[in-house]
2 protein chains.
Amino acid sequence: MKKLADDILAKIGCKNTKPRKAVIEVLESTDNPLSAEDIFLRIKQLGESVNLSTVYRTLDLMETKSLVSKTVMSDGKARYELTVDGHRHHLVCTNCHKSVPIDFCPLEKLEKDIGKKNDFDITGHKLEIYGLCPKCKKE
Amino acid sequence: MKKLADDILAKIGCKNTKPRKAVIEVLESTDNPLSAEDIFLRIKQLGESVNLSTVYRTLDLMETKSLVSKTVMSDGKARYELTVDGHRHHLVCTNCHKSVPIDFCPLEKLEKDIGKKNDFDITGHKLEIYGLCPKCKKE
DNA sequence: ACTTCAAATGCAAATCATTTGCATTTAAAA
DNA sequence: TTTTAAATGCAAATGATTTGCATTTGAAGT
């Protein structure tokens, strides 16, 4: 079977290595942003071995190619997610740090106007909504 | 003359010290988010002396009291700004890192609906719009 | 004003996510 | 296969932020 990971690596025009495939496959398998270490650990759980540096290098590479978005969260760690299926925003629990993707973007229509008004060439945006998730509410 | 810094410190109920006043005054004097080091350097320029640790401690303190908002930017450094006059979003130049405050918030009305839909207690959000500023566009 | 003491500061050392240098390995072009 | 630039692993470096601790200081009570 053909894997998305292979397509992505082919598109970037870089070597199709096992560590890179592993990183992409982990990112594919979730809809929450993951930290480099999350990804590292999940790869290990799958029985493979990668170096954390390589995870970082792969993520950086993909970010430069706009295939991954990087967001530094308030805990000081960055979270990464595939942008292959369009950008996405999240509800983030301020207690347990879990996040839930939301399916719309209030910026899409506004960006152009804002850009014109301020003479900026808008290239993107980042939005996160914070709160307490159902579980943490109860505690 | 009465200073905002004094009011703020009184409100938090903590000691009114020179370093803390200096941090708040620097934050008051700008409408861009500043890094801890930015603040540290500006205080020095004003002829005063503070320790960088103290700047961090003051910012942390104020963040816990919701008087300052902290945003970790993609360069890995956090930027801080007063929230005294309500929260605010910014246009951030991806080239020179300058930022311009924008005066509206597309989330205000939507937050409640999103919260209900996902069973979250929403406490806030963070939004940044990226692009090239007028200067950097030309280069 | 003076005393007292918890709170705040300064300094240096520690932390921790991320980055980097370099020797070794590997994908893929010839 | 052979070749070679690109990628990896490992350990050490980096850099923003945090922390431990001895010293200083604001402000509450006298």
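1. In this predicted model, α4(A) is the element that gives the most to the surface near DNA strand C, with four residues. The elements that supply two or more residues to that surface are α4 (52-64) of chain A, together with α2 (18-28) and α4 (52-64) of chain B.

2. The surface near DNA strand C holds five nonpolar, eight polar and seven charged residues. Among the 20 residues around the strand, those that come nearest are Y56(A), A78(A), T17(B), T54(B) and R57(B). Both protein chains are therefore represented in that short list, with "near" taken as a heavy atom within 4 Å.

3. Which parts of DNA strand C do the atoms within 4 Å of the protein belong to? Sugar or phosphate accounts for 65% of them, and bases for the rest.

4. Individual polar approaches to DNA strand C can be listed for both chains. In chain A, an N or O atom in the side chain of S53(A) is 3.0 Å from a base oxygen of the strand. D60(A) has a polar side-chain atom 3.5 Å from a phosphate oxygen of DNA strand C. In chain B, the side chain of K15(B) places an N or O atom 3.1 Å from a base nitrogen of the strand.

5. Next, the division of chain A. Domain 1 covers 1-83 and domain 2 covers 87-139. The C-alpha centres of domain 1 of chain A and domain 2 of chain A are 22 Å apart. Eight residues from domain 1 of chain A and nine residues from domain 2 of chain A take part in the contact.

6. What area is buried between domain 1 of chain A and domain 2 of chain A? The figure is about 750 Å², and carbon and sulfur atoms give 48% of it. Zero salt bridges are found across this interface, while three residue pairs, both at pLDDT 80 or more, are in polar contact there. On the side of domain 1 of chain A that touches domain 2 of chain A there are two nonpolar, two polar and four charged residues.

7. The two protein chains also meet each other. In this interface, 32 residues of chain B are in contact with 32 residues of chain A. About 2,900 Å² is buried between chain B and chain A, with 68% of it on carbon and sulfur atoms. Within chain B, the residues that lose the most area to chain A are L91(B), F120(B) and Y130(B), which together make up 20% of what that side buries.

8. How many salt bridges are counted between chain B and chain A? The count is four. A salt bridge joins the side chains of K137(A) and D119(B), at 2.9 Å from N to O. There are also 12 residue pairs in polar contact between chain B and chain A, both residues at pLDDT 80 or more.

9. Several elements of chain B contribute at least two residues each to the side that touches chain A: β2 (68-72), β4 (89-93), β5 (99-102), α5 (110-118), β6 (121-132) and α6 (134-138). The largest share of that side comes from β6(B), with 12 residues. By class, the side of chain B that touches chain A has 20 nonpolar, six polar and six charged residues.

Note on methods
Residues numbered from 1 in each chain as written. Chains lettered and ligands numbered in written order. Predicted model: local features only at pLDDT ≥ 70, side-chain atom pairs only at ≥ 80, totals over all residues. Heavy atoms only, no water. Polar contact = N/O pair within 3.5 Å; in protein donor to acceptor, adjacent residues only side chain to side chain. Nonpolar A, V, L, I, M, F, W, Y, C, P; charged D, E, K, R; others polar. Domains from an automatic or database assignment. Contact = heavy atoms within 4.5 Å. Buried area = accessible area lost by both parts, 1.4 Å probe.
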